[in-house]
Amino acid sequence: MPDLKSRPTTTLSLLLRNRLAVVGLVFIALWTLGALLSGLSPYGATQPGAGALLQGPSWAHPFGTDNFGRDLLTRVLAGGRISLWTGLIAIAISLLIGVPLGAFAGFVRGRAGGLVMRLMDMLLAFPSLVLAMAIAAALGPGMVSAMVAVGIVGIPEFARIVHGQVLSLRERDFVEAGHAIGLPGRSILIRHIVPNALAPILVRATLGMGYAILTAASLSFIGLGAQPPDPEWGVLISDGRGYIISGEWWMTTFPGLAIATSILGFNLLGDGLRDVLDPRLRTSK
Amino acid sequence: MKRTVLALAAAAALAVSGCAANANSSSNGSGAEDAGDTLVAAYSEGGKTLDPAEANDVTSDTFVVAAYDQLVTYARTEDGGKPKAKTDQIVPMLAESWKASADNTSYTFKLRADAKFQDGAPVTADAVVKSFDHIKASSSASFLYKMAGIAKVTKVDEQNVKIDLTAPNHLFLQILPMYSFSIIDMDKVAQNGGAKWLATNTAGSGPYKITKWDPSTEAAMARNDSYWGDKPKLRQVNVKFIAEASNRVQLLKKAEVGLALEVPPKDVQSLKAADGVTIDSRAGNKILFFAMNNKIKPFDDPRVRQAVSYAIPYEKLLNDVMKGQASPMKSSVASSTPGFSDAGYTYTHDLDKARALLAQAGLPQGFSFDFTLGSGFDDWNDDAVLIQAELAKIGVTMNIKKMARPQFLEALETKKVQAYITRWTSFVNDPGYHLGLLLTSQGSSNYANFSDPVVDKAWEQASTEPDVAKRNKLYGVAQQEINTKAPWAYLYEYNIVVAHRAGLDGYTSYPDGIVRFFQLSVTK
C-alpha cells in the first residue's frame, strides 16, 4: 500500500505549508528550548539575591527581577519546564483513561457503554476549572495533584471523541470484514478501529495541551498547584499581582505572555493539524 | 480559531487580574475630602458576626466597639503628639465609678444614671448581669470570662452591680474594657428570639448604629444622636470590604476612601509620597513567629529549633519584606507589653552556629520538614521563601504547602502541623494573658505543643501574685526559659499601619488595632 507509506511526509509537508501552524510550532519550540536551557542561566531560578530587588528589564535581567531579586527570565524559562511537563502529563492521563473508556463504550454499546458515557457527561457537566479545583484541593496542594486534576478533567473530551469515532467506524466495511473472518472483538477494536480514530485524538491532544497549561496555571495561581519556590507560570503571576498597581508590571506581564504564547502555539498547531488530517478539509482546498 | 481567541483572552485575564476593580476612576461625593461629616473606610474583610461575645476578628470587633459600650475602657495618652491608648490605666465608661473589696476579690460598679440603649431603654444593673451571662455562655468569649476569674455577677440595686472573683486577679480590670465585655440590651435580644439574633443585629448603647452590614460588600454606620457620652463628630461612616490590598491603596490615593487598613509595606512608601495621604505607623504588640511543633521530630530537640532560629535572615525580613514597617522581636512577648524581657535571647543570622547546633543534635546533613503556609498575608509568603532559601544553605529542606486560611486555622487546632508562621495580637496587653494562651502546657492556642515545667510553674505563681514587680520577675523567668528553648523562631513585631487622608483627626492607636470611629473627625 504505497499510499499509506507516503502519507506521513505528505502530512508534515502539508503542515509546514500552513503558515499559522508553523508559527505555533515556533512558539512551542522556543519555550521547549528555553525550558531545556534554563539551567544554563548564570542565576538560580529559586535562590533569592541574584540581583537588586524589583529591577525593571535591563541587559543583565531582560525580564527584570522579582521582589527577592531573582532573575525573572530564568524563572519564566524554568517555569516553562514545569508548565510544559504538567501539560504533557495531564494530557497523557486524559488520553490513557479517556481513549480506552470511549472506545469501550462505543464498541460494546448497550448498558455498559451507556453507563460509561453518562459518567463522562456528569464530569462534563461541571465547569472544568471548578472540577479541577475540587480534585486538586482533595488531593492536597502540589504540582502532582494539579497534573492529576487537569488530567481527570480532560478525560471526558477524549472519551467522547473516541466514542463518536468508534460508533461511526464500527459500521464500516473493513470492520464488517473483520467480523466476517472471525477476528475477536478486542482485536478488531485495538488493531483496526482505534488506529483509524487517531487523527482527531491527535488534534484534540494538541489543542488540549494549551488548555491543560492554562488550567494548571490557574490552579497554581490560587495556590493549589506549584508551591514556593517553584517558578510555575501561574505562581509567577500570582506573586506579581500585588505589584501591578505599584508599577512593577514586568512581574506579571512576562509570565502572562509566556502562558499566552504557549497556548497560542498549541492552538495554532492543533488547528493546523486538523486542517491537514481531516480528509474532507484537505480535499476542499 | 475561536478556541484560540478564548484561551488567549483567558490567559490575558489571568495576567491582568487585579486591575479590573480599579477601572472606575470617577470620584463621587462619598470621599472623605468632599463631605466633612462622612467617612468611607476600606477594610480587607467583612467580619463574621456582630455578637460582642462571639466576635473575633478586627472587622467584627470594630463594629462591636462602635455599637456597644463597656463598663470601663482604656485611658488615652499622647505619644509624640499623636493619641494612643494607655492600656494599663482603666477609666470609667458605662460605670461611672467602682470599688474593690479589701482582699481584691469583689468589685462593685456604679452605673451612670443617664446611659441609654440606642432604642431608649436605660442601661440597668439587670442588663449588666444578663450581658455577663451571655458572655459566660458564649463559645468565643467564655474563656476570657474564666481568665478574668469571675465567679458571680449580682445586682445590688438598679444602679449597682457586684462582681465576685474566684481569687484576686490582676487581669480582671484589664479584660473588662474588651469589646467582648460589651453591655447588651438582653431584653431586646429575648424579644427577638434569643442570642442568635445578635449575630446580625445590635442592641447596644454605643455611639453608632449599624444601619447596614453585608460582609461581602460594605457596611454603614449612622451616628447615635441620643448618645449619652460625647457626641461623635462623624455623622456617617461607610466601610467597604475590599480584599485586594492594591485596590485599597488605589482608592485611598484617589480619595475615594478616607481611611484604609492592612496597607502592604511595599505601598507605604508610595503612599507617603502621595498628595494628601497620611501614614500612621506605630509599634504595636502584634507579633509574627515561626512555630516548630515540639512534639514532632526533629523539632522535639531544642538544639534543632535553636539552629532554625540562627538561620532566619532577620535583617532581610525587616527590610526587604516589611520595608521597615516592623521591628525586631526578641521575646515571645511583644516589647511594648509591660513585663517584657529579652533575657536568654541570643539569636542572630549566623549559619555557622546553626550548622554546629545541627551537628550537635546528630543531624549534620540536615533534614527535611513540612511547612504549612496559611494564605491571606503576602508577607508570610515572602518570609517563608526567604527562610526556605536560608535553611537550604544548612542542608535543611523546607517543603512549603500552601493552605487557605480557614483550613489553616482548623489545621492548627489539631496541634499536628509540623511548622508554620502565624501572627498574634494579645488584646489584653499582659504577659500572663499572652503566655497563658500561647506557651503554657494548658494553653488553648499552644498549637506547637511547647511544654516546659519552668514556664508552667512561673506562670502559675504569677497569676495569683498581686505585686506587679514580683509578678513581672516571674514572667521574666518564663520568657528567659522560652527564649532559650526556642519553641518559635521570632520573626518581627508589626507596626500598626493606618493610612488615611490628611485632615482626619483623632485617630488613636490601640494595641488591638481596632479603629474607634467615634474618636475621629474630618476637617477639610
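**Close-up views of chains A and B**

**View 1. The two domains of chain B sit with their C-alpha centres 31 Å apart.** This is a predicted model, in which local features need pLDDT of at least 70 and side-chain atom pairs count only at pLDDT 80 or more, while totals for chains, interfaces and linings use all residues. Residues are numbered from 1 along each chain as its sequence is written, and chains are lettered from A in the order in which they are written. Domain 1 takes in 10-257 + 502-522 and domain 2 takes in 285-495, with bounds from an automatic or database domain assignment.

**View 2. Here domain 1 of chain B meets domain 2 of chain B.** Contact joins 15 residues of domain 1 to 13 residues of domain 2 (C-beta atoms, placed from the backbone, within 7 Å). On the domain 1 side, β3 (82-92), α4 (142-147) and α5 (172-175) each give two or more residues; helices (H or I, at least four residues) and strands (E, at least two) are DSSP runs, numbered from the N terminus.

**View 3. Helix α3 of chain B spans residues 125-137.** Its 13 residues reach 19 Å from first C-alpha to last, close to the 18 Å expected at 1.5 Å a residue (1.5 Å times one less than the number of residues). Among its buried residues are B:Val128, B:Phe132 and B:Ile135 (20 or more other C-beta atoms within 10 Å of the residue's own, C-beta atoms being placed from the backbone). Their cover includes β5 (106-111), β6 (150-157) and α6 (186-191) of chain B.

Methods. Two residues are in contact if their C-beta atoms, placed from the backbone, lie within 7 Å. A residue is buried if 20 or more other C-beta atoms lie within 10 Å of its own, exposed if 12 or fewer, and partly exposed in between; C-beta atoms are placed from the backbone.
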